[in-house]
Amino acid sequence: MDNILSKIYKEILVYDKDTVQLNKAMNEEVLSLLVEYKEQLTNIEQDTAKEILYAVVPIAEQTGFKIGMRFAWKLLLSLLSN
């Protein structure tokens with residue numbers, strides 16, 4: 001099931017208008033987090049932090065999608081079995 005959900009997310013959902021808007025909001029959040037530490041980090045450290053955060057965001061989004069889909073299926077099955 002993970003493979004199917006990954007494929008749905010990577011090939012369909014990631015291009016959805018709402019998903020694109022959420023991704024933009026997430027990017028803005030990453031930038032705002034980095035601004036807070038700008039004076040504490042060197043340019044190289046800032047670049048490294050930015051790379052790490054931008055690498056983690058899609059993983060978190062895809063994981064959230066999988067968790068949400070599993071919950072939806074369990075909820076649907078629960079409703080149909082009663």
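A helix here is a DSSP run of H or I at least four residues long, and helices are numbered from the N terminus. Keep in mind as you look around that this is a predicted model. With that in hand, let's start at the beginning of the chain.

Met1 sits in the segment before helix 1, which covers residues 2-11. Is Met1 buried or exposed? Met1 has a relative accessible area of 55%, and because anything over 50% counts as exposed, Met1 is exposed. Met1 also has some company on the surface: together with Trp73, Leu76 and Leu80, Met1 makes a nonpolar patch of about 450 Å².

Now step into helix 1 and see how it meets helix 3, which runs over residues 43-81. The two axes come within 10 Å and cross at roughly 120°. That angle makes helix 1 oblique to helix 3, since roughly perpendicular stops at 115 degrees and roughly antiparallel needs over 145. As for handedness, helix 1 passes helix 3 in a right-handed crossing.

Next up, charges. Side chains of opposite charge can pair when their charged atoms come close. How many salt bridges does the structure hold? Just one. Its partners are Arg70 and Asp2, whose closest N and O atoms are 2.1 Å apart. This pair links distant parts of the chain, with Arg70 in helix 3 and Asp2 in helix 1, 68 residues apart. What about their exposure? Arg70 has a relative accessible area of 34%, so it's partly exposed. Asp2 is partly exposed too, at 35%. Both labels follow because partly exposed is the range between buried, under 20%, and exposed, over 50%.

Stay with helix 1 a moment longer and find Lys7. With a relative accessible area of 51%, Lys7 is exposed. Try tracing a line from Lys7 to Leu79: they're 72 residues apart in sequence, and their C-alpha atoms are 27 Å apart in space.

Finally, hop over to Glu61 in helix 3. Why is Glu61 called buried? Its relative accessible area is 18%, and the buried label applies because that value is under 20%. Glu61 and Thr48 are 13 residues apart along the chain, and 21 Å separates their C-alpha atoms. So, in helix 3 you've now met a buried residue, Glu61, and a partly exposed one, Arg70.

Key:
Residues numbered from 1 in each chain as written. Predicted model: local features only at pLDDT ≥ 70, side-chain atom pairs only at ≥ 80, totals over all residues. Heavy atoms only, no water. Patch = residues over 30% accessible without salt bridge, like charges linked within 9 Å, V, L, I, M, F, W, Y side chains within 5 Å. Areas by Shrake-Rupley, 256 points an atom, 1.4 Å probe, with all protein chains shown as cover. Salt bridge = Lys/Arg side-chain N within 4 Å of Asp/Glu carboxyl O. Helix = DSSP H or I, 4+ residues; strand = E, 2+ residues; numbered from the N terminus. Buried < 20%, exposed > 50% of the residue type's maximum accessible area, 1.4 Å probe, protein only. Axes fitted to C-alpha atoms, helices over the stretch in contact; angles between N-to-C directions. Parallel < 35°, antiparallel > 145°, perpendicular 65-115°, else oblique. Left-handed = near helix turned anticlockwise from the far one by under 90°.
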